[in-house]
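Here is a structure to get to know step by step. Take a moment to look it over, and then let's walk through it together.

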Amino acid sequence: MGERAAYPSDLTDEQWAVVGPFLQAWKDRHPSVSGHQGRYELREIVNSIFYQNRTGCQWAYLPHDLPPKSATYYYFALWRDDGTDQVIHDLLRCQAREKAGRREDPTAVVLDTQSIRAANHVPAATTGKDAAKKVPGRKRGLAVDALGLIIAVVVTAASVTDNAIGVRLLDNVVAHTPTVTKAWVDAGFKDDVQIHGAVNGIDVEQVKRSDTTAGFVPIARRWVVEQTNGTLMLHRRLVREYESRPASAVSRTWWASTANLVRRLTGTSTASWRDPGHQR
């Protein structure tokens, strides 16, 4: 990092030791034709992505002591398009599961969707309105394991049904984590999801909310994905939909989850922007 003062979202030396080897391996597989190593260290590129995710700032407002948009976006888009963001995340997820005494890959997932309001510059062609929640924007679908670690992400227009998103989530789960044989969903996921799951060897079970119990009651199985959505909301860039491309919104989710995984693996934490002691 040179001589600059650290931001709360920066990777510590211990955290970089967890994620750095994967990016160094990526760099070794993608040498520059000219032999140029690049002006900015990959650690600083990740710090810049983490900073923007955590604070929600616009590209032009990245601090001057972090890599500029030209460098940060270059790697962000490159890792988004070649799948490096998910590869790193999944490798760290396997480590986190092993640390928790679990097998590398899960056998069960929980599906859920969340509607996110879109900023006014987000293309209308990729947004819509959630008819049930009356939210204009996009919908983020997650599949998480029993620890709340993300297995699959889908981002669509908010007008897309939970059924359609559930089918896409199951397809992603099958493609990347074929060990899954069980999925829990809420009542918004209908027969199409259950049938699609059965075709792919996944038993899909609805877990419904109780209509007789007053007040807040955690719902069995489903509470873990609700908790994951809550931790993602600590990253301001994910609170509202700012990305022009849904693929970028998916990548933002991977990076936010990666930041959480790195802290989980090293036993560290980042101050929440909700913490009064860190408000300015």
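We'll begin with the overall layout, move on to the cores and a cavity, and finish with a few single residues.

A word on the ground rules: this is a predicted model, in which local features need pLDDT of at least 70 and side-chain atom pairs count only at pLDDT 80 or more, while totals for chains, interfaces and linings use all residues. Residues are numbered from 1 along each chain as its sequence is written, and side-chain values use heavy atoms, with hydrogens and water left out.

Let's start with the big picture. The protein has eight helices and six strands; these are DSSP runs numbered from the N terminus, with helices being H or I runs of at least four residues and strands E runs of at least two. If you follow the sequence along, you get the pattern α-α-α-α-β-β-β-β-α-β-α-β-α-α. Of the 280 residues, 49% count as buried, where buried means under 20% relative accessible area, exposed means over 50%, and partly exposed is in between (1.4 Å probe, protein chains only). Now for contacts, meaning heavy atoms within 4.5 Å. Among those between residues at least 6 apart in sequence, 65% join residues at least 24 apart.

Next, the inside. In soluble globular proteins, nonpolar side chains tend to be buried together. A nonpolar core here is a set of buried Ala, Val, Leu, Ile, Met, Phe, Trp, Tyr and Cys residues joined through side-chain atoms within 4.5 Å. The largest one has 28 residues, and Val46, Trp79, Leu92 and Trp255 have the most contacts inside it. Helices H1 (13–29), H2 (42–55), H3 (69–82), H4 (84–99) and H8 (246–266) each supply at least two residues of this core. H2 gives the most to this core, with six residues. Have a look at tryptophan 255: leaving out residues up to four places away in sequence, Trp255 touches Val46, Ile49, Phe50, Asn53, Phe76, Trp79, Asp85 and Ile88. Apart from this core lies another, of 19 residues, including Leu142, Val155, Val225 and Ala256.

What about gaps? Rolling a probe the size of a water molecule over the atoms shows where empty space is left. On a 1 Å grid over the protein atoms alone, a cavity is a set of points where a 1.4 Å probe fits but cannot get out, and lining residues have an atom within 4 Å of a point. Grid points are joined across faces, edges and corners, and the volume is the space filled by probe spheres set on the points. The structure holds two cavities of 30 Å³ or more. The second largest has about 50 Å³ of space, and its lining is made up of Arg140, Arg237, Leu238, Arg240, Glu241, Tyr242, Glu243, Ala249, Arg252 and Thr253. H8 gives the most to that lining, with three residues. Sorted by class, the lining has three nonpolar, one polar and six charged residues. For that sorting, Ala, Val, Leu, Ile, Met, Phe, Trp, Tyr, Cys and Pro count as nonpolar, Asp, Glu, Lys and Arg as charged, and the others, Gly among them, as polar.

Now some single residues, starting with threonine 266 in helix H8. Is threonine 266 buried or exposed? Threonine 266 counts as buried because its relative accessibility is 12%. A polar atom of its side chain lies 2.8 Å from the backbone oxygen of valine 262. Neighbours within four places in sequence aside, threonine 266 is in contact with Glu14, Gln15, Val18 and Lys99.

Over in helix H2 you'll find serine 48, buried with a relative accessible area of 0%. Its side chain makes a polar contact with the side chain of threonine 72 (3.0 Å); a polar contact is a pair of N or O atoms within 3.5 Å, where within protein one must be able to donate a hydrogen and the other to accept it, and residues adjacent in sequence count only if both atoms are side-chain atoms.

Finally, visit aspartate 65, in the loop between H2 and H3. Aspartate 65 counts as partly exposed, at 35% relative accessibility. The side chain of aspartate 65 makes a polar contact with the side chain of tyrosine 7 (2.7 Å).

Key: On a 1 Å grid over the protein atoms alone, a cavity is a set of points where a 1.4 Å probe fits but cannot get out, and a pocket is an open set with protein on both sides within 12 Å along at least five of seven lines; lining residues have an atom within 4 Å of a point.
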